[in-house]
Structures are given as structure tokens and as C-alpha cells.
Amino acid sequence: MKYSSEFLDKINAESYVSPKVMRKDTPGKGVGLFAKEKIFKNEIVSISGGVVLDTREWKELISTFDYAYNIADNLVIAPLNPEDPSDDWRMNHCCEPNCGVRGQTMFVAIRDIEPDEELTFDYAMTETDPEYKIELNCSRSTCRKKFTGEDWKKPEIQKKYKGYFSTYIEDKIQG
């Protein structure tokens, strides 16, 4: 099957973002996602689409790890345009997130989210690359201050996000 050019012209993103979500600038963070109206626990917030690359290929193509996450050993999913990714790729980190992962690429609310609240997830829910390290400043009293691609291994993180890690990480936790 081949998609018609008419159909392809109507596509404006490689993924899905709930109509209850809007993109807007966030002071000190760039762009983020915010609730336009109340989002209920376990409601779908976004589903990431893009291109699947082997990790080595991704590292050769892109000088930064932003906007990609692990979906299997040596595989990442990344936006089609990492310089200007679609809105689903704009969710920021927080050590006290209101969103988590179901499956590999679907993000859901882990609690009710109020209008104007920023949508966030903890990068530990999707990231396993031990070379990935960033400084954190999520302005929460529980902020870890540093993130690494090995945070998912911490027992307190595993307990906190049980049921909201990507399937890839849940499988790693189960051994």
C-alpha cells in the first residue's frame, strides 16, 4: 500500500497529542506541554511517533541525546525532525511528574491534572543509556539534582513509578 500525496499533505505530526494539551514556552526550559482542561488519571496525553534508529547510528547523526529514548537494547525512537520536533516530544522532566509511560511510546496521566498545569514525566521512565547525564532543577523539594540513564535501577525509583515505566524498562526490572 502507498499513501496518496493528498493524504500525506494532511499529516502535520508523526504522533498524537490529546486535544486537551497545548504547547507553550516555559521560563528557563524552552517549550513545554500544558493542560488546556482537566486530564484524568490514566488518560492518554500523547503517543510518540518518529523514526527507530540503532543507538550507534543515533549517536553518529545527532550531537545531543535530546528528543530520543530507548525502546530496546541498542534501539531508540527519535522525532523525524530533531531540530523542531512535534509537540509530543516537548514534555519536560520533573522528579515529581504527573505523566508516565504505557507500552513503549504512550504517555498517560498518573494522576488527575488540572488546567494550566505543565505535563511532565521523569526521564528515568524511558532512558537507559548510562552515558546520558544531565543536571536537574525541577524546583521540587524531591529534585535529584542529577539524572543519569541508570536512575531506573534505583529501588526507590522502581517503587515510585511501578506500572509507569516503558515496557522496555519494565522488562529490564523484571530481569
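The following is a conversation between a biologist and a modeller about a predicted model.

Biologist: Which strand holds A78, and is the residue buried or exposed?

Modeller: The relative accessible area of A78 is 0%, and buried residues are those under 20%. A78 is therefore buried, and its place in the chain is strand 7, residues 75-78.

Biologist: Which residues does A78 contact once its neighbours within four places in sequence are left aside?

Modeller: One example of a partner from another part of the chain is G50, which is 28 residues from A78 in sequence but 5.4 Å from it in space, C-alpha to C-alpha. With the neighbours within four places left out, the residues in contact with A78 are G49, G50, V51, W58, Y67, A68 and W89.

Biologist: How many disulfides does the structure contain, and why does C99 not form one?

Modeller: A disulfide is a covalent bond between the sulfur atoms of two cysteines. For C99, the closest cysteine sulfur belongs to C94 and is 11 Å away, which is too far for a bond because the two sulfur atoms would have to be within 2.5 Å. C99 is buried at 0% relative accessibility, as is C95 at 1%. Across the whole structure, the number of disulfides found is zero.

Biologist: Where in the chain are the two partners of the salt bridge between D129 and K59, and how many residues apart are they?

Modeller: The closest N and O atoms of D129 and K59 are 3.1 Å apart, and the two residues form a salt bridge. D129 is in the loop between strand 11 (118-121) and strand 12 (133-135), while K59 is in helix 2 (residues 55-61), so that the pair links distant parts of the chain. D129 is buried, with a relative accessible area of 9%, whereas K59 is partly exposed, at 32%. Their separation along the chain is 70 residues.

Biologist: In the salt bridge of D54 and R56, which residue is partly exposed and which is exposed?

Modeller: The side chains of D54 and R56 meet with 3.6 Å between N and O. A relative accessible area of 25% makes D54 partly exposed, while R56, at 54%, passes the limit of over 50% and so counts as exposed. The partly exposed residue is thus D54, and the exposed one is R56.

Biologist: What is the distance between the closest N and O atoms of K153 and E150?

Modeller: K153 has a relative accessible area of 46% and is partly exposed, and E150, at 34%, is partly exposed as well. The two residues form a salt bridge, and the distance between their closest N and O atoms is 3.1 Å.

Biologist: Which residues are linked in a network of salt bridges?

Modeller: The structure as a whole holds 17 salt bridges. The residues linked in a network are R23, D84, D87 and R90.

Biologist: Which strands stand at the edges of the open sheet of four strands?

Modeller: The strands of this open sheet follow the order 1-4-10-9, with antiparallel pairing. Each edge strand has a single partner, so one side of it is left without a neighbour in the sheet, and the two edge strands are strand 1 (16-17) and strand 9 (99-102).

Biologist: Which residue of strand 4 stands opposite Y16?

Modeller: Strand 1 and strand 4 (residues 44-47) run antiparallel and are joined by two bridges. Opposite Y16, the residue in strand 4 is I47.

Biologist: What is the accessible area of the nonpolar patch that includes M1?

Modeller: M1 lies in the segment before helix 1 (5-10) and is exposed, with a relative accessible area of 93%. On the surface it forms a nonpolar patch with Y3, F7, L8 and I11, and together their accessible area is about 610 Å².

Biologist: What are the phi values of N42 and N74?

Modeller: Most residues other than glycine have a negative phi. N42 lies in the loop between strand 3 (30-35) and strand 4 and is partly exposed at 33% relative accessibility, whereas N74, in the loop between strand 6 (69-72) and strand 7, is exposed at 57%. Both have a positive phi, which for N42 is near 70 degrees and for N74 is near 65 degrees.

Definitions and conventions: Residues numbered from 1 in each chain as written. Predicted model: local features only at pLDDT ≥ 70, side-chain atom pairs only at ≥ 80, totals over all residues. Heavy atoms only, no water. Buried < 20%, exposed > 50% of the residue type's maximum accessible area, 1.4 Å probe, protein only. Contact = heavy atoms within 4.5 Å. Salt bridge = Lys/Arg side-chain N within 4 Å of Asp/Glu carboxyl O. Pairing = 2+ DSSP bridges. Patch = residues over 30% accessible without salt bridge, like charges linked within 9 Å, V, L, I, M, F, W, Y side chains within 5 Å. Areas by Shrake-Rupley, 256 points an atom, 1.4 Å probe, with all protein chains shown as cover.
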